[in-house]
Each structure stands twice: as structure tokens, then as C-alpha cells.
Amino acid sequence: KGAIDDCSCSVETIDSFNNLKVYPRLNSLLHQDFFKYWKVNLNKKCPFWEDDSRCAIRYCSVKPCTEVPEGIKGSGKILGPEVKSKARPKDVSDCDHENDLGYLNTTLSKESQARFERWAAHDSAQDSFCELDEVGDHDSQYVDLLLNPERYTGYVGDSAHRVWKSIYQENCFRPVKNPYADFSNIGADEFLKEMCLEKRTFYRAVSGLHSSINIHLAARYLLSDKTGFEVSSEGVWGHNIEEFQRRFDPELTGGEGPRRLKNLYFLYLLELRALAKAVPYLESLTYYTGNEEKDRDVRNAVKDLLSVVKSFPKHFDESSMFSSGLMQAATLKEEFRGHFRNISRIMDCVGCDKCRLWGKLQVTGLGTALKILFSGNFDQQLSLSAVRETKFQLSREEIVALFNGFGRLSSSIMELETFRQESLR
Ligand code: FAD
């Protein structure tokens, strides 16, 4: 309950906005082909320590994807702004048209397109907060996210702790006066008071993500394992209120639980703001899968969702970040970006494939939100023609991660309502 720190908004306002308006729309959108397939490399080596032997828990496995629409496979890295068929581009050889990506996707020779993609990827990497997988990589594979829901997997103990510890202790900022502050312990809020807004934002975003992951595992807990030891088996999944309370009850967590839940709301506002800021760009995309009718439905559903997103007052104010003295702000932003990129690499150290999949997706989604907020490309309201002129690009993988990552937060907030009602019974 109550106000969310560093944002001018309350838990109650978000609950009703999310549960009534955002969640139903988003949930239906994420069932569409465009958003359910995500390409990812789950076989990268952990760059920071010797891989703990990969998890053998059966609920950690990721089911392979049987068929992916050709249109998705063909769309590669670049996802161009929608180009209406009537608006015939001028001259193919005119370099100005290199901004017209939708057009490029279908008309340029393979060679020029590859050159353009390299240029766009390089340009986009400058703004990136994540180390993205190479989509063309042999080890990258499409995953059907609906076939592999985020839920309890049994991934616990040293390996999971090592990842979280490395995220909090090595990558979150610490107060200058308290360089050994341990954020995974009780009392994180005391340390936060000593830090600037940017560093607090970093911690709250990570902690919000952690809360969301742990809410999902408690909401989709393995209640009974009906099927013995068959690998293809399905168990019975549902809410485990004791597991939820163990993690979030104020008394059982020394008051940390509710603060961690508020960080989820903070992160929700941050990602909501990123979506709102990128509306003109997101509305201009084709969401191409090759099925004209479905693609049109998806574009309409995206517009409908974004109109709701836009209607919510701005509560997360990114303009107050990285705005102190020029040099200082630039250095801080680079540090912030560097730390976050590191977290994206740490995801390759998660020793459970299913957790790694959702961890990578959510970190990419958050990284994409940060890219939108802080790349400077959306600081002015852009018209559709201006959107076409911008060099700013998000890849298909970033777009899918952005919407699905936000979908996870939205679903966590929805689950909280169910836990609240269950605990009152
Ligand atoms: P952990 O959640 O491991 O937390 C470690 C310590 O961090 C806690 O002792 C506490 O001091 C602190 N902490 C906990 N929550 C927060 C917070 N929100 N903010 C700040 N500090 C906090 N398990 C699954 O079953 N399914 C999954 O899909 C899944 N995905 C994962 C994805 C990633 C990237 C990682 C690293 C782990 C994932 N896990 C998943 C494991 C899960 O998150 C827990 O690590 C595991 O359940 C063990 O929980 P725990 O109670 O020991 O505490």
C-alpha cells in the first residue's frame, strides 16, 4: 500500500490501472505469433566464472520450438517502420532512403541490406544497455514463450545465489560512505538514502525484477508432481501462499518484503514511461509475420494498448536523471550503462535454462526501456515522418523483449491481487 518512492504515484493507482486496463490488453497481445517467438542463445558460456554444471532439474528444460512463421524468420534484425503500399518511395539509389527501413526490408539487394544492417546495428549498439545475442548465431534458437511459461523450476541454492549476489554486490552502485553495503540484506533502504537518484533507480529496477521473478515462481508453483519421473511430464501448478509469504511478508522479512514489492511498482512505472515515450515509433512498426490479417490485428492491438499507456499521467521522470553538470552526468550514464550491460552478461551464468531464458528476456526488455529513455531519440515528440528519419532502431528481439518484459511486470501486479485476496480468506 501507499506511495512509491522516487515516483509520484501510489500502489493503489497502479493496481487499478494495470489490472483493469493494461493486463487484459497486454495478455491478449502477447498470445499473438509476433510476440510469442523470441530468438535467444541459451548456450553461451558464463563469462565470469566456471559454469556450475548445468541444471539437471527437469522443470528447467526449455521445450524446442517446432514451427516458426517464415515471416518472422525472414525479418532478421531490422524491423522497419510501417510503409503504406501507396506511399511509393522515390529512388532506390537515393541514400536518403536508407532511413526508410520498411522499404529497405523488401527492396534492397541482399548485399546493400547486409551493409545497412551492419551500420544500423553499430549505431544502435552505441545506445544499447544490453549485450544482445547475435541473431545469426548458430547457437541462437527460436523459443515459443507460451510453451515455456515462467514458473517454479526448483532452481535454488548456491548457483542462484551466486547470480543474485553478483548482481547486487558487484553491479549495483554502493554509497560512497558505505562501500561494503550489502543490498541483499535487510536495511537496503538505509543505504539508498545516501545515494543519488540514478543509483537508487538502478537498484530499485534490479530489485523490482527480482521481485517479479519470485512472485511468478510462487504464483505458478509446483503443487504436485503427478507424473513421476517422466521427462515430458506436466505437474499441477498454482499459487503457493506460504512461498509468497516467506519472501514478502513484512514480519518474515524484517520489513524488506513490502519494500521489494514497491520496487516492482517502481520498475513498472519506468517501463510504462519508456513505452509511452516510444509510442510514435512503436505505432509505426509493421509487426510482420507474413500473415496479413493477423499482422493487421496485432498493429491494431498495439495501438489500442499504447493509447491506454499514453493516457496514464507521467510518474517516472527520466528527465531529472543524468542532468547534473555535463561531464558528471555523462560519466554517470556511462557507468550506469556499463553496469547494466554486465548484468545482461551475467544472465549467461544462470544455471537453469528456463530461468536463463526468462532472465535474458526480462533484462533485454529492461535494457530496451533504458535505451528508449536515455538514448535521446525520443526526447522530443516525434511525428511519423520524423520517426522514419531517425536512425534509432530496435531489433525484433528487443521489441518482443520490451513488450514481454513489461507483460511479466503487469502479470506480477495482477498476481499480487490474487495473493492479497487469498491471504484475507
Ligand atoms: P533469492 O531469491 O535467491 O534471493 C537471494 C537474496 O537476495 C535473498 O536472501 C534476499 O536477501 C535478497 N532478495 C530477495 N529478493 C529481493 C528483492 N526483490 N530485492 C532485493 N533483494 C532481494 N526460480 C524459479 O523457480 N523460476 C524461475 O523462473 C527463476 N528465474 C530466475 C532467474 C534468474 C535470473 C535468477 C538469478 C534466479 C531465478 N530463479 C528462478 C531462482 C529464484 O530467483 C531464487 O533464487 C530461488 O528461488 C532461491 O530463493 P531464495 O529464497 O534463496 O532467495
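This briefing covers the ligand shell, the annotated sites and one helix pair. The model is predicted. In it, 23 residues surround the ligand. Helix α8 gives the most to that shell, with six residues. An unreviewed UniProt entry lists Cys352 and Cys355 under "active site".

**Around the ligand**
- The closest residues to the ligand are Ala160, Ser207, Arg260, Cys355 and Gly359.
- Three elements give two or more residues to the shell: α6 (158–171), α8 (197–219) and α14 (353–374).
- By class, 11 residues of the shell are nonpolar, nine are polar and three are charged.

**Binding site in the record**
- Under "binding site", the unreviewed UniProt entry lists Arg151, Thr153, Trp164, Ser207, His210 and Arg247.
- Ser207, listed there, is also among the residues closest to the ligand.
- Thr153 sits in the loop between β2 (140–144) and α6.
- Thr153 counts as buried because it has 21 C-beta neighbours inside 10 Å, and 20 or more are needed.
- Setting aside residues up to four places away in sequence, Thr153 touches Ile57, Tyr59, Cys60, Cys352, Lys354 and Cys355.
- Trp164 is placed in helix α6.
- Trp164 has 16 C-beta neighbours inside 10 Å, so this residue counts as partly exposed.

**Active site in the record**
- Cys352 and Cys355 are the "active site" residues of the unreviewed UniProt entry.
- Cys352 lies in the loop between α13 (326–346) and α14.
- Cys352 is buried, because 24 C-beta neighbours lie inside 10 Å.
- Cys355 belongs to helix α14.
- Cys355 is buried too, with 25 C-beta neighbours inside 10 Å.
- Beyond its neighbours within four places in sequence, Cys355 is in contact with Cys60, Thr153, Tyr155 and Val350.
- Thr153 thus links the two lists: the record names Thr153 under "binding site", and Thr153 touches both Cys352 and Cys355.

**Helices α8 and α10**
- The axes of α8 and helix α10 (residues 256–277) come within 7 Å and cross at roughly 110 degrees.
- That angle makes α8 roughly perpendicular to α10, because angles of 65 to 115 degrees count as such.
- On the α8 side, the contact is made by Arg204, Ala205, Ser207, Gly208, Leu209, Ser211 and Ser212.
- On the α10 side, the contact is made by Arg260, Leu261, Asn263, Leu264, Phe266, Leu267 and Leu270.
- The residues of this contact divide into seven nonpolar, five polar and two charged.
- Ser207 and Arg260 both take part in the contact, and both are among the residues closest to the ligand.

Notes. Residues are numbered from 1 along each chain as its sequence is written. This is a predicted model: local features need pLDDT of at least 70, side-chain atom pairs count only at pLDDT 80 or more; totals for chains, interfaces and linings use all residues. A residue is near a molecule or strand if its C-beta atom, placed from the backbone, lies within 6 Å of it. Helices (H or I, at least four residues) and strands (E, at least two) are DSSP runs, numbered from the N terminus. Ala, Val, Leu, Ile, Met, Phe, Trp, Tyr, Cys and Pro count as nonpolar, Asp, Glu, Lys and Arg as charged, and the others, Gly among them, as polar. UniProt positions are given in the numbering used here, feature names are shortened, and annotations may be inferred rather than shown by experiment. A residue is buried if 20 or more other C-beta atoms lie within 10 Å of its own, exposed if 12 or fewer, and partly exposed in between; C-beta atoms are placed from the backbone. Two residues are in contact if their C-beta atoms, placed from the backbone, lie within 7 Å. Axes are lines fitted to C-alpha atoms, for helices over the stretch in contact, and angles run from 0 to 180 degrees between N-to-C directions. Angles under 35 degrees count as roughly parallel, over 145 as roughly antiparallel, 65 to 115 as roughly perpendicular and the rest as oblique.
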